[in-house]
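Here are some notes for a colleague who is opening this structure for the first time. Please keep the sequence and the model side by side while going through the points.

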Amino acid sequence: MSTMSSIADDLVQPFEIEPFQLRGRLVRVGPMLDRIIAQHDYPTAVGIMLSEAIVLALALASTLKYDGVFTLQTKGDGPIRLLVADVTTAGAVRGYAQYDAAKLAEITGTGGTTSVPRLLGAGYLAFTVDQGEDTERYQGIVALEGATLAECIHHYFRQSEQIAAGIKVAVDRSADGAWRGGCLLVQKLPDGERSEFLGTREELEDGWRRALILMGSATSQELTDPELEPEDLLFRLFHEDGVRVFRTHSVRAECRCSRERIDRVLRSLPYDERKDLGEDDGSVTVTCQFCNASYRFERDDVAAIASG
Ligand SMILES: [Zn+2]
């Protein structure tokens with residue numbers, strides 16, 4: 001008998017492999033990912049890449065302490081010009097892609113591929129953490145080097161000499177076509193957070209290497225299966241090395257656009273640009289790139305903005 005509703009979905013599950021001073025995140029998303037992708041009519045290849053960006057953003061954001069918005073963004077000269085995924089501290093997630101349909105069709109036909117060089121081309125991947133006005137913006141940036149987005153992030157970790165990390169990403173569609181995604185991230189604990197290790201340095205390194213191999217052994221099916229408890233998967237993979245799971249964080253698809261925000265943006269535009277947005281009847285319609293919601297301002301509203 002199916003008991004789908006009893007199984008947790010749309011979540012980030014933190015864990016530690018304590019004996020070897022490793023920490024990790026398991027990301028498991030279904031309905032929220034499907035909602036974000038379904039708001040747009042993206043070709044399969046774009047849906048896959050944006051889904052990967054979203055699960056990676058969820059994994060990375062959950063390892064940072066911040067109060068605001070974490071954004072993962074790619075820009076490149078390939079068919080997919082832009083990917084944006086952002087995650088608030090409260091777990092609200094949104095994302096969108098910009099792409100050239102003709103260039104994309106040349107490469108993919110109708111199928112999907114996850115090749116970064118072919119789909120994104122040459123460019124960069126950036127993370128930012130925005131904690132509001134008058135706070136410092138943390139930013140990390142790396143060239144798009146790697147066959148997949150996960151590899152590009154590996155490359156970032158290596159280059160920035162941050163904590164060593166292993167990442168595995170899976171994106172799949174269920175029988176009814178709904179998007180699902182999963183991600184497993186394992187990191188060495190930063191020096192400051194380590195407790196004293198009683199074994200040898202070699203034993204510690206062996207534990208790390210073993211964790212990477214076990215992480216790699218998780219199948220895409222396991223990472224995205226809505227019937228498999230995240231905790232059960234972690235125990236299946238790491239039980240011999242002593243895995244400990246913590247409280248899960250739930251995440252949801254939620255945009256932050258509103259009529260007030262769009263109004264503010266319109267007010268900030270120079271007169272000429274605002275005029276260019278207008279229809280023949282003097283109204284202005286602005287569509288949110290993230291969630292596709294449309295906001296229409298009638299001629300009188302626009303006049304009020306112009307004089308305001
Ligand atoms: Zn929106």
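**Notes on the predicted model**

1. Helix 2 (residues 44-61) has 18 residues, which at 1.5 Å a residue should span 26 Å, and its end C-alpha atoms are 25 Å apart, in agreement with that expectation. The model is a predicted one, and this point, like those that follow, should be read with that in mind. As 17 of the 18 residues of helix 2 are buried, the helix is largely enclosed by the rest of the structure.

2. Which residues hold the zinc ion? Its protein donors are the SG atoms of Cys-255, Cys-257, Cys-288 and Cys-291, which lie 2.2 to 2.3 Å from the ion. The angles among these 4 donor atoms run from 101 to 116 degrees, and the site is tetrahedral; since four donors count as tetrahedral if all angles lie between 85 and 135 degrees, this range fits the label.

3. Along the chain, the donors of the zinc ion follow the spacing C-x1-C-x30-C-x2-C. Distant parts of the chain are linked by the pair Cys-255 and Cys-288, 33 residues apart, with Cys-255 in the loop between strand 12 (252-253) and helix 9, and Cys-288 in the loop between strand 13 and strand 14 (294-297). Cys-255 is partly exposed, with a relative accessible area of 22%, whereas Cys-288 is buried, at 7%.

4. The largest pocket has a volume of about 450 Å³. It is lined by 21 residues, and those closest to its centre are Arg-94, Ile-262, Val-265, Cys-288 and Phe-290; Cys-288 is thus also one of the donors of the zinc ion. Two or more lining residues come from each of strand 3 (69-76), strand 4 (80-88), strand 5 (92-99), helix 9 (259-268) and strand 13 (284-287), and helix 9 gives the largest share, with 5 residues. By class, the lining has 12 nonpolar, 5 polar and 4 charged residues.

5. Two backbone angles deserve a careful look. Most residues other than glycine have a negative phi. Gln-21, however, has a positive phi near 55 degrees; this residue lies in the loop between strand 1 (11-17) and strand 2 (22-29), and it is buried, with a relative accessible area of 5%. Asn-292, which is not a glycine either, has a positive phi of about 70 degrees. Asn-292 lies in the loop between strand 13 and strand 14 and is partly exposed, with a relative accessible area of 38%.

Key:
Residues are numbered from 1 along each chain as its sequence is written. This is a predicted model: local features need pLDDT of at least 70, side-chain atom pairs count only at pLDDT 80 or more; totals for chains, interfaces and linings use all residues. Side-chain values use heavy atoms; hydrogens and water are left out. On a 1 Å grid over the protein atoms alone, a cavity is a set of points where a 1.4 Å probe fits but cannot get out, and a pocket is an open set with protein on both sides within 12 Å along at least five of seven lines; lining residues have an atom within 4 Å of a point. Grid points are joined across faces, edges and corners, and a volume is the space filled by probe spheres set on the points. Helices (H or I, at least four residues) and strands (E, at least two) are DSSP runs, numbered from the N terminus. Ala, Val, Leu, Ile, Met, Phe, Trp, Tyr, Cys and Pro count as nonpolar, Asp, Glu, Lys and Arg as charged, and the others, Gly among them, as polar. Donors are N, O and S atoms within 2.8 Å of the metal (3.2 Å for Na, K and Ca); water is not among the atoms, so sites may look incomplete. Four donors count as tetrahedral if all angles lie between 85 and 135 degrees; four count as square planar and six as octahedral if opposite donors are over 155 degrees apart and all others between 65 and 115; anything else is irregular. Buried means under 20% relative accessible area, exposed over 50%, partly exposed in between (1.4 Å probe, protein chains only). The expected span of a helix is 1.5 Å times one less than its number of residues.
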